[in-house]
Amino acid sequence: ESEEGQKMQELRRSLPAYKEKEALLNAISRNQVIVVSGETGCGKTTQLPQYILESEIDAARGALCSIICTQPRRISAMSVAERVAAERGEKLGDSVGYKVRLEGIKGRDTRLLFCTTGILLRRLLLDRSLRGVTHVIVDEIHERGMNEDFLLIVLKELLPRRPELKLILMSATLNAELFSSYFGGAPTIHIPGFTYPVRSYFLENILDMTGYRLSTYNQIDNYGQEKMWKMQKQTVRKKKSQIASAAEDALEAADLRDFNPRTRDSLSCWNPDSIGFNLIENVLCHICRKERPGAVLVFMTGWDDINSLKDQLQSHPLLGDPTKVLLLACHGSMDSSEQKLIFNRSEDGIRKIVLATNMAETSITINDVVFVVDCGKAKETSYDALNNTPCLLPAWISKASARQRRGRAGRVQPGECYHLYPKSVYDAFAEYQLPELLRTPLQSLCLQIKSLQLGSISEFLSSALQPPEPLSVQNAVEYLKIIGALDDNENLTVLGRKLSVLPVEPKLGKMLILGAIFNCLDPIMTIVAGLSVRDPFLMPFDKKDLAESAKAQFSSRDNSDHLALLRAFDGWKAAERQQSGHEYCWRNFLSSQTLRAIDSLRKQFYHLLRDGGLVDNMEKCNTWSHDEHLIRAIICSGLFPGICSVVNKEKSVSLKTMEDGPVLLYSNSVNSQEPTIPYPWLVFNEKVKVNSVFLRDSTAVSDSVLLLFGGSVSRGGLDGHLKMLGGYLEFFMK
Ligand code: ADP
Ligand code: MG
């Protein structure tokens with residue numbers, strides 16, 4: 001055995017889970033369901049599935065067992081599988097494999113499969129009783145993701161029919177009773193962990209310690225992502241978001257007598273709605289000037305602000321100096337070379353700084369972290385059932401999350417955590433985050449319930465751990481009827497069945513199917529892939545204007561962000577063929593990584609559509625690829641009823657949706673660059689509610705396109721269709 005292999009085995013034996021190995025295996029053999037809890041990093045994900053595999057092999061059942069371990073994120077399924085295979089001294093695809101959306105490595109002898117929760121749900125679609133599977137391990141259940149909650153309902157119903165199937169639920173937090181009682185009092189095993197103490201600093205301590213001053217000027221100048229919205233600046237001082245007013249109330253009630261007047265003064269300038277990049281920069285400098293070695297983990301809210309912050313830090317004299325600092329980003333779409341850098345210890349004298357989303361909270365453990373910087377927020381989808389508006393916005397994290405973030409600093413030695421918000425605001429955080437099932441639109445989920453033939457949607461969902469509001473369920477069912485995926489009796493239509501096998505939201509799936517039917521698949525695949533990966537247009541913090549005009553060049557005045565994306569992508573493909581893709585991206589503020597991801601998703605769409613019998617001849621399928629009217633019509637059909645009316649005023653354009661009233665556009669939308677929009681409607685993919693409602697990408701459409709392509713003609717025949725559209729039109733005419 002190699003030296004490295006031995007070291008890894010030693011490391012395995014040193015993990016807290018190792019001491020509980022026998023107890024865990026015992027409990028599994030005696031019970032159908034068990035719940036395992038333990039600190040992040042104690043060895044649940046990498047070790048427990050291996051213990052089961054090893055004990056099955058020891059009992060000469062190795063060839064018979066089939067263990068499935070689900071992960072909420074694709075990146076963790078991949079990285080954990082790679083790690084476990086390495087620990088076993090094997091190649092991926094031998095006894096250990098993985099499968100994530102449209103991708104995977106798995107061999108004939110694979111006995112332990114790491115997959116996303118979505119993949120297991122898809123497998124259930126093909127085989128309701130999971131024949132051949134011996135163990136199902138559902139990881140990170142404390143996150144209460146929608147898919148995980150859904151999976152638990154399905155498994156609960158399956159268990160009595162498969163008495164020999166074992167179910168193991170794993171959680172990083174102690175509130176395991178909830179899950180245990182859901183499964184009729186399943187035994188709970190806790191893996192005791194050890195972490196070093198972590199010293200916490202809150203905003204007031206940080207200001208006191210570093211002498212940094214928040215000023216109104218700095219805050220306005222430093223809006224982070226909020227700065228992306230052109231019109232927001234005018235409204236920001238007038239209106240405060242809910243998150244800001246809650247924080248200000250908490251701050252007002254706080255007792256700050258022990259702090260010096262300068263700090264108190266500075267605190268009164270704190271803007272809870274923004275993430276102060278300069279403040280982060282200042283804290284990072286403070287840490288980097290310390291003698292003490294150790295990596296820094298910075299919790300940000302998402303891909304956008306990680307990128308903008310990275311941009312800003314890279315031009316800083318100390319933090320941007322590669323001989324002193326190794327600056328890395330950790331997010332859901334990093335590739336494996338990037339991943340390795342994150343796990344590796346950095347060279348002596350170089351400080352590793354990792355900018356991460358909340359996925360570094362529990363599913364990925366970076367061992368050498370000693371300092372944590374916590375912005376206190378995470379991007380969270382929230383859903384207001386009353387006006388049916390899904391929103392994606394930064395929200396305060398829960399106390400449980402803040403504790404979890406802080407704990408990441410004490411893995412190897414006593415650590416330090418810098419919370420970028422006052423202590424009083426922390427005290428006002430909720431104990432736990434609301435489960436996703438209660439705060440997101442349920443359309444995809446309802447479609448899946450139907451395609452799994454699980455009976456009445458509302459009845460099925462009422463048996464969830466915490467059932468969603470009836471109104472949310474009703475809205476989702478209504479939406480599926482409008483787009484023609486369900487008929488009036490809530491039965492799956494032919495379209496619905498096709499949609500349920502496409503791994504994208506129903507509206508995007510519908511665009512793909514129409515693209516195939518109308519022989520213009522190529523551009524539609526690009527647009528759909530773009531909408532389901534992420535926006536390839538970069539908006540660097542300090543070059544916003546340049547980036548916006550770079551994007552505007554792709555619009556050719558046709559009032560569509562989706563067509564602009566299409567042109568940018570096609571231009572990139574052409575540049576790639578000339579080996580100048582990189583330069584092209586750089587010049588046009590495009591992310592080549594995102595474009596590559598879009599390209600590979602396109603290929604996978606094509607394979608799925610071909611397997612589903614929707615495409616036989618790609619060439620024929622592209623007969624109408626250059627017809628922009630048709631492309632626009634298909635976009636309209638997919639995004640309907642995401643529609644807003646356009647009224648051109650003298651100096652501005654006023655936009656209105658039926659649910660929200662007046663809405664605004666993101667400043668990087670090509671439609672916000674135009675003085676007028678010569679169409680009566682915009683269709684859009686996503687609304688974001690901050691202080692006002694903002695539309696992300698939009699495409700302008702005419703009355704006739706809306707009439708012909710909005711909604712589903714099949715529902716209630718042409719009459720019903722026109723009546724429904726009439727309802728929309730009437731509303732907007734008022
Ligand atoms: P848990 O699931 O309980 O949070 P894990 O099984 O993920 O714990 O991790 C156990 C240990 O293995 C941790 O110390 C972690 O840092 C280490 N580890 C996990 N994945 C990797 C990897 N890809 N490279 C290096 N170390 C890893
Ligand atoms: Mg884990």
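A nonpolar core is taken here as a set of buried Ala, Val, Leu, Ile, Met, Phe, Trp, Tyr and Cys residues joined through C-beta atoms within 7 Å. A residue counts as buried if 20 or more other C-beta atoms lie within 10 Å of its own, as exposed if 12 or fewer do, and as partly exposed in between, with C-beta atoms placed from the backbone. The structure is a predicted model, in which local features need pLDDT of at least 70 and side-chain atom pairs count only at pLDDT 80 or more, while totals for chains, interfaces and linings use all residues. Residues are numbered from 1 along each chain as its sequence is written, and chains are lettered from A and ligands numbered from 1 in the order in which they are written.

The largest nonpolar core has 134 residues, and Ala 81, Leu 512, Ile 524, Val 528, Cys 636 and Val 683 touch the most other members. Another core, of 51 residues, lies apart from it and includes Ile 306, Leu 313, Cys 330 and Leu 420. In soluble globular proteins, nonpolar side chains tend to be buried together.

A good place to start exploring is the open sheet of eight strands, which runs β4-β3-β5-β2-β6-β7-β1-β8 with mixed pairing; helices (H or I, at least four residues) and strands (E, at least two) are DSSP runs numbered from the N terminus, and two strands pair if DSSP finds at least two bridges between them. Because β4 (103-105) and β8 (188-191) each have a single partner strand, they stand at the edges, and one side of each is left without a neighbour in the sheet. Neighbouring strands here are turned by 20 degrees against each other on average, direction ignored. Strand β3 (residues 96-100) pairs with β4 in the antiparallel sense over three bridges, and Lys 99 has Gly 104 of β4 as its bridge partner. Helix α5 packs on this sheet, touching β2 (67-71), β3 and β5 (112-116), and its direction makes about 170 degrees with that of β3; such angles run from 0 to 180 degrees between N-to-C directions, with axes fitted as lines to C-alpha atoms, for helices over the stretch in contact.

Turning to the ligand, 15 residues surround ligand 1, and Lys 44, Thr 45, Thr 46, Arg 83 and Thr 365 come nearest (near means a C-beta atom, placed from the backbone, within 6 Å). Both α4 (44-58) and α5 (74-87) supply at least two residues of this shell, with the largest share, four residues, coming from α4.

A second open sheet has seven strands in the order β21-β22-β19-β18-β17-β20-β23, again with mixed pairing. Its edges are β21 (687-689) and β23 (698-701), each with a single partner strand, so one side of each is left without a neighbour in the sheet. Strands β17 (residues 643-648) and β20 (residues 681-684) pair in the antiparallel sense over three bridges, and Leu 682 in β20 is the bridge partner of Cys 644.

Finally, Asn 559 sits in the loop between α26 (544-552) and α27 (561-577). Asn 559 is buried because 24 other C-beta atoms lie within 10 Å. Not counting residues up to four places away in sequence, Asn 559 touches Val 670, Asn 671, Glu 674, Ile 677, Tyr 679 and Ala 700, contact being C-beta atoms, placed from the backbone, within 7 Å. Helix α27 packs with helix α28 (residues 581-588) at an angle of about 145 degrees, their axes 7 Å apart.

How values were computed: Two residues are in contact if their C-beta atoms, placed from the backbone, lie within 7 Å.
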